[in-house]
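Me: I'm new to this one. Could you take a close look at the salt bridges for me and walk me through them?

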Amino acid sequence: MASSDSDTGVPAQRLAFGRRLRALRTRAGLTQTAVAGAAGLDRSFYAEVEAAVHSISVDRIPALARALGVTPSELFENTDPGSR
């Protein structure tokens with residue numbers, strides 16, 4: 001069973017993934033609107049993925065990676081909550 005943040009109840013993996021997206025986006029100098037548009041997502045949905053409110057479908061990973069200028073696997077690098 002997945003562990004969660006004890007304060008929010010959000011799965012730790014979702015929190016880590018959201019942090020990774022934000023880091024990649026800011027590194028690329030992009031806005032949430034730009035990434036969402038390039039990935040074919042609504043900006044508010046993308047913002048909620050970054051904020052760990054929602055998780056994203058595996059079907060959307062390739063488009064999200066392209067929008068951020070990374071490979072799909074790079075979206076998951078350093079997102080293991082136990083590797084901090």
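Reply: Here is a walk through the salt bridges, one pair at a time. A quick note before that: this is a predicted model, where local features need pLDDT of at least 70 and side-chain atom pairs count only at pLDDT 80 or more, while totals for chains, interfaces and linings use all residues. Residues are numbered from 1 along each chain as its sequence is written, and side-chain values use heavy atoms, with hydrogens and water left out.

Searching the whole structure turns up 3 salt bridges, each being a side-chain nitrogen of Lys or Arg within 4 Å of a carboxyl oxygen of Asp or Glu.

Let's start with Glu50, which pairs with Arg25 at 2.5 Å, N to O. Glu50 sits in helix 3 and Arg25 in helix 1, so this pair ties together parts 25 residues apart in sequence. (Helices here are DSSP runs, H or I, of at least four residues, numbered from the N terminus.) Both Glu50 and Arg25 are buried, meaning under 20% relative accessible area, with exposed being over 50% and partly exposed in between (1.4 Å probe, protein chains only). For Glu50 the value is 2%.

Glu50 also meets Arg22 in a salt bridge, at 3.4 Å. Arg22 is partly exposed, at 36%. So Arg22, Arg25 and Glu50 are linked in a network of salt bridges.

Then there's Arg20, which bridges to Glu77 with the closest N and O atoms 3.7 Å apart. Arg20 belongs to helix 1 (residues 12–27) and Glu77 to the segment after helix 4 (61–68), 57 residues apart. Arg20 is buried at 15%, whereas Glu77 is partly exposed at 37%.

Notes
Helix = DSSP H or I, 4+ residues; strand = E, 2+ residues; numbered from the N terminus.
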